[in-house]
Amino acid sequence: MEIIYQTHIDREIESLIERIHPPSRVCIDNDSCSDCTVVKIDSANRHGILLEMVQVLAELDLIISKSYISSDGGWLMDAFHVTDQFGHKLTDKGLVHYIQQALCEARSSKGISSDIELRSCNELPGSKVSVSASNFAIELTTRDQPGLFVDISTALLGLGFNVSSATAWTHNERAACIIYVEDANKLGPIHDAESLAHLQDELQNVVKAQDGEEEKKRVRLRLRSLAAGCDHTERRLHQMMYADGDYERSGACQSEKENGHEGIEVSVCRYAEKGYWVVNVRSRDRPKLLFDTVCVLTDMQYEVFHAAVSSNTSMADQEYFVRRKGSLVLENESEREKLALCLIAALERRVSHGLKVEIRTENRIGLLSKVTRVIRENGLSIAKVEIGVEGETAIGSFYLTNCSGEDVNPNIQELLRIQTGGSVIANYISPYSVPKPMLSSCSRSSMHESKSSSQVRPKLSFGSMLWSQLECLTNNFRPLK
């Protein structure tokens, strides 16, 4: 009798909770628009939930052409007009099911951390890139300069650590990188605390040797259970560069940027009647533009009450009505200027230029050290890098620039092919332009087996991995709750 009574009470409590915070409603509509899929979301609102919703779509490399957001009254209503990378609607039932489940789970999560600490996540379904929960990630922010990555990779190799994956951005003469390391002898998790302490000291010395005592303090080493290939890495890079103040140098050329010199225009105005800042951003359209914008708003503790986003040909317009979290008072002029500079910085970080070199080869210890050494010996700098492992294959993308300001010598492609023994694809990239393809370069020993793979550019995002394995994933979905 007591058990029946207790069960009845539990059900009443659950019913009450659902009335206060009902479950998210996710509708994926392929009928309303002829050229895109409309993803509609209704959910109880909380700080960070908009970013989680946008991140789910960004992880799948979906293109968001329009978005309408409203969250007044403690309830969030979003509508996203999306297509896949080829401009097609989302018709695969397995993918639609996954999006519905992921968006519902995002609503019930505890939220994205906006401070210096990281939120852990499990390895994503469909990802071949695996990182043990016992692996370590090095987080480093420092001054960008030639040879930084080769010095770091060489120091790691000398201490018996192998780089399993890494992502790095550079912006405004600052660099931020997240490097996952494992025991080079066992190719597995690191358990020796003494070795880790020595590793941190050595990395601090590398930075000190290049930039002095002050920069030495920026090295951080922390335990991570975040799976490589998960877009939380990009989320974390935004946080690191914001905390490092990379936006501060944007002030020197803000007038040029507002005049469209960098393809970005930002205005922040008061809407005193409602207590909002009205933020307008006009920029070149590109993938993950909305994700990058919402990241900085969340990090700066702004709540988005209304928003409209649209893209027209190559340009995108974003308008946000925002307030500081927990405040109805509009901040002062300096805060308005800081918000504008941070938005410009967030949109610039992902934009790369120079020679993009994509490498696919057999994974082995010390590979990153060899690649970065060849790059430095040819007078080149790394503007952006993303490397990882798929099975027994190492794949990576390097954006290279010439320290002298001249074009990168295309011979670097052949030099890297010789050093890695794999396939190498190179493209010239200028901001917001279509890449100019060059011939791929493959090792003679693997020429036959690389003919097909050399034409597929290696990409480490979760979206590309999910698309490639969607057939397998559909058998493993859990039913929606």
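This report describes the overall make-up of a predicted model and then its salt bridges, aromatic pairs and two backbone details.

## Overall make-up

The protein chain contains 14 helices and 17 strands. Of its 481 residues, 53% are buried. The chain exposes about 22,800 Å², and carbon and sulfur atoms supply 50% of that area. Contacts that reach far along the sequence are frequent in the model: among contacts between residues at least 6 apart in sequence, 73% join residues at least 24 apart.

## Salt bridges around helix 10

Side chains of opposite charge can pair when their charged atoms come close. In this model the count comes to 18 salt bridges. Three of them are set out below, each with its N to O distance.

| Salt bridge | N to O distance |
|---|---|
| R350 and E234 | 3.0 Å |
| R349 and D246 | 2.9 Å |
| R324 and E335 | 2.5 Å |

The side chains of R350 and E234 meet at 3.0 Å. R350 lies in the loop between helix 10 (333–349) and strand 13 (354–362), while E234 belongs to helix 7 (residues 232–243), so this salt bridge ties together parts that are 116 residues apart in sequence. R350 counts as buried, because its relative accessibility is 11% and the limit for a buried residue is under 20%. E234 is likewise buried, at 11% relative accessibility. Both residues also belong to a network of salt bridges that links E234, R286, K288, D292 and R350.

The salt bridge between R349 and D246 has an N to O distance of 2.9 Å. This pair links distant parts of the chain, with R349 in helix 10 and D246 in the loop between helix 7 and helix 8 (254–258), 103 residues apart. R349 is buried, with a relative accessible area of 3%. D246 is buried at 0% relative accessibility.

R324 and E335 form a further salt bridge, at 2.5 Å from N to O. Here R324 is in strand 12 (residues 315–324) and E335 is in helix 10, so the pair ties together parts that are eleven residues apart in sequence. R324 is partly exposed at 24% relative accessibility, whereas E335 is buried with a relative accessible area of 13%.

Helix 10 itself has 17 residues, and at 1.5 Å a residue these should span 24 Å; the end C-alpha atoms are 25 Å apart, which agrees. The helix is mostly covered, with twelve of its 17 residues buried. Among these buried residues are E335, L339, L343, L347 and R349.

## Aromatic pairs and charges over rings

A pair of aromatic rings is described by the distance of the centres and the angle of the planes. The model has five aromatic pairs. One of them joins Y271 and Y276 in a tilted arrangement, with 6.2 Å from centre to centre and 50 degrees between the planes. Y271 is partly exposed at 29% relative accessibility, while Y276 is buried with a relative accessible area of 6%.

Y271 also pairs with F321, and this pair is edge-to-face: the centres lie 6.3 Å apart and the planes meet at 65 degrees. Since Y271 lies in strand 9 (residues 264–271) and F321 in strand 12, the pair ties together parts that are 50 residues apart in sequence. Y271, Y276, F305 and F321 form one aromatic cluster.

Charged side chains also lie over rings. R323 is placed over the face of F305, a member of the aromatic cluster, at 4.6 Å from the ring centre. The charged end of R324 sits over the ring of Y302, 5.0 Å from its centre. R324 thus takes part in this arrangement as well as in the salt bridge with E335.

## Two residues with positive phi

Most residues other than glycine have a negative phi. N172 has a positive phi, near 50 degrees. It lies in the loop between strand 6 (161–171) and strand 7 (174–183), and N172 is buried at 16% relative accessibility.

Q301 is not a glycine either, yet its phi is positive at about 65 degrees. Q301 is in the loop between helix 9 (289–299) and strand 11 (302–312). At 24% relative accessibility, Q301 counts as partly exposed.

Definitions and conventions: Residues are numbered from 1 along each chain as its sequence is written. This is a predicted model: local features need pLDDT of at least 70, side-chain atom pairs count only at pLDDT 80 or more; totals for chains, interfaces and linings use all residues. Side-chain values use heavy atoms; hydrogens and water are left out. A salt bridge is a side-chain nitrogen of Lys or Arg within 4 Å of a carboxyl oxygen of Asp or Glu. Helices (H or I, at least four residues) and strands (E, at least two) are DSSP runs, numbered from the N terminus. Buried means under 20% relative accessible area, exposed over 50%, partly exposed in between (1.4 Å probe, protein chains only). The expected span of a helix is 1.5 Å times one less than its number of residues. Rings of Phe, Tyr and Trp (its six-membered ring) pair if their centres lie within 6.5 Å; planes under 30 degrees apart count as stacked, over 60 as edge-to-face and the rest as tilted. A charge sits over a ring if NZ of Lys or CZ of Arg is within 6 Å of the ring centre and within 35 degrees of the ring normal. Contact means heavy atoms within 4.5 Å. Accessible areas come from the Shrake-Rupley method with a 1.4 Å probe; for residues, only the protein chains shown count as cover.
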